[in-house]
Amino acid sequence: MSKQQVQWAALPSPTPDLLPLCVLIATEPGSGPSAEPEKQEVKQEVVVNAPEPPDRSRMSSALSFGVLYLLALVLGLACVGGVCFWSSHWHGGFAWGGSALQFNWHPVLMVTGLVVLYGCGAVVYRIPLTWGQDKLPWKRLHAALMLLALVLSIVGLRAVFEVHDAENIPKLYSLHSWIGITTAALFATQWVVGVAGFLLPCSPMALRRLLKPAHVLLGGSIVTLSVAASVSGINEKLIFALGKGPPPRYKDLPPEAVFGNSLGVLIVAFGVLVFLMLSNPKWQRPDSAPERTYSPLLQDESE
């Protein structure tokens with residue numbers, strides 16, 4: 001054995017305390033197997049701090065809409081019942097034929113059609129429980145409710161116009177009448193354009209996308225104007241009924257004045273709820289449904 005071989009043999013064998021340099025580098029903090037628990041901890045933190053699941057958020061939004069919609073229905077029924085009671089208890093009931101009792105149909109039909117039925121029909125298309133269903137039946141229901149509201153409004157306008165003609169009273173001279181006739185005209189235009197643009201088979205998809213923002217904006221504006229017309233009409237009727245004759249006067253707040261003012265507050269509350277449901281972007285019906293859900297009214301849905 002040579003001298004060099006003897007020197008190599010005298011060197012001690014590697015021990016666990018004297019690891020090779022490559023092993024030391026591999027076992028430095030932040031590398032190798034020891035770093036795996038740290039990565040797992042980070043992943044756990046991400047899961048813990050993750051945002052609320054979409055399903056839970058959607059359920060919460062649907063529940064909020066349902067509560068507001070039920071409250072709006074209750075307020076709407078209270079408004080209709082209140083205006084009927086006011087007209088029958090303090091103003092003699094209802095009749096037709098140009099008499100003064102025919103006028104009582106005007107507030108009842110306008111509040112029922114232009115305010116309550118219109119408001120409920122405007123938001124029925126946004127009910128979250130209907131989002132996963134075909135749009136066409138809900139479009140038809142929306143259009144039918146709006147048509148019924150429009151017919152009631154037209155009959156209510158006819159009632160007051162005929163009374164004015166029979167008693168030689170000027171028409172459309174007050175602020176209430178200006179707001180009311182403007183609201184009715186916008187409503188009729190909105191319904192005709194809506195049917196032509198969203199339900200007829202000849203309406204292209206590009207036209208619907210163009211009309212949709214204007215349709216939604218005008219719908220909310222009609223709700224606001226209808227509430228303003230109703231409140232101003234109630235106030236005008238109270239002034240005419242309690243501003244003349246023996247006391248108590250309107251300024252003394254007799255029972256009829258208190259009831260009429262309360263009815264106006266209910267109508268305003270109903271309008272606020274409807275406007276909230278229409279303006280909240282969370283309750284806008286998503287457009288991610290299949291194309292067949294946009295089928296117009298007269299088109300075969302199997303296409």
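A nonpolar core is a set of buried Ala, Val, Leu, Ile, Met, Phe, Trp, Tyr and Cys residues joined through side-chain atoms within 4.5 Å. The exercises below apply this and related terms to a predicted model.

**Exercise 1. The overall fold**

State how many helices and strands the protein chain has, and what percentage of its residues count as buried.

Solution. The protein chain has 9 helices and 0 strands. Read from the N terminus, the order of elements is accordingly α-α-α-α-α-α-α-α-α. Of the 303 residues, 35% count as buried. As for contacts between residues at least 6 apart in sequence, 74% join residues at least 24 apart.

**Exercise 2. The largest nonpolar core**

Identify the residues that touch the most other members of the largest nonpolar core, and determine which element gives the largest share of this core.

Solution. The core has 45 residues, and those touching the most other members are Tyr-69, Val-116, Tyr-118, Phe-187, Ile-267, Phe-270 and Met-277. Two or more residues are given by each of helix 4 (54-91), helix 5 (105-123), helix 6 (135-166), helix 7, helix 8 and helix 9 (255-279). Helix 5 provides the largest share, 11 residues. Val-116 serves as an example: with neighbours within four places in sequence left aside, Val-116 is in contact with Gly-76, Cys-79, Val-80, Val-111 and Phe-270. As general background, nonpolar side chains in soluble globular proteins tend to be buried together.

**Exercise 3. Helix 6 against helix 7**

Decide whether helix 6 and helix 7 are roughly parallel or antiparallel, and classify the residues of their contact.

Solution. The packing angle is about 150°, and the axes lie 10 Å apart. Angles over 145 degrees count as roughly antiparallel; helix 6 and helix 7 are therefore roughly antiparallel to each other. Their crossing is left-handed. Helix 6 contributes residues including Lys-139, Met-146, Leu-150 and Phe-161, while those from helix 7 include Ile-181, Phe-187, Trp-191 and Phe-198. By class, the contact of helix 6 with helix 7 comprises 13 nonpolar, 1 polar and 1 charged residues.

**Exercise 4. Helix 7 against helix 8, and Gln-190**

Describe the packing of helix 7 with helix 8, then establish whether Gln-190 is buried or exposed.

Solution. Helix 7 (residues 175-198) and helix 8 (residues 205-242) pack at about 155°, their axes being 8 Å apart. This angle makes helix 7 roughly antiparallel to helix 8. The two helices cross in a left-handed sense. The contact of helix 7 with helix 8 holds 11 nonpolar, 11 polar and 3 charged residues. Gln-190 belongs to helix 7. Since its relative accessibility is 9%, Gln-190 counts as buried. Beyond its neighbours within four places in sequence, Gln-190 is in contact with Tyr-118, His-215, Leu-218, Gly-219 and Ile-222.

**Exercise 5. Backbone geometry in the loops**

For Asn-168 and Leu-172, give the value that phi is near; for the bond from Pro-247 to Pro-248, give the value that omega is near.

Solution. Most residues other than glycine have a negative phi, and most peptide bonds are trans. Asn-168 has a positive phi, near 55°, and lies in the loop between helix 6 and helix 7. With a relative accessible area of 72%, Asn-168 is exposed. Leu-172 is found in the loop between helix 6 and helix 7, and its phi is near 55°. At 40% relative accessibility, Leu-172 counts as partly exposed. The peptide bond from Pro-247 to Pro-248 is cis, with omega near 5°. Pro-248 is placed in the loop between helix 8 and helix 9.

Key
Residues are numbered from 1 along each chain as its sequence is written. This is a predicted model: local features need pLDDT of at least 70, side-chain atom pairs count only at pLDDT 80 or more; totals for chains, interfaces and linings use all residues. Side-chain values use heavy atoms; hydrogens and water are left out. Axes are lines fitted to C-alpha atoms, for helices over the stretch in contact, and angles run from 0 to 180 degrees between N-to-C directions. Helices (H or I, at least four residues) and strands (E, at least two) are DSSP runs, numbered from the N terminus. Angles under 35 degrees count as roughly parallel, over 145 as roughly antiparallel, 65 to 115 as roughly perpendicular and the rest as oblique. A crossing is left-handed if the near helix is turned anticlockwise from the far one by less than a right angle, and right-handed if clockwise. Ala, Val, Leu, Ile, Met, Phe, Trp, Tyr, Cys and Pro count as nonpolar, Asp, Glu, Lys and Arg as charged, and the others, Gly among them, as polar. Buried means under 20% relative accessible area, exposed over 50%, partly exposed in between (1.4 Å probe, protein chains only). Contact means heavy atoms within 4.5 Å.
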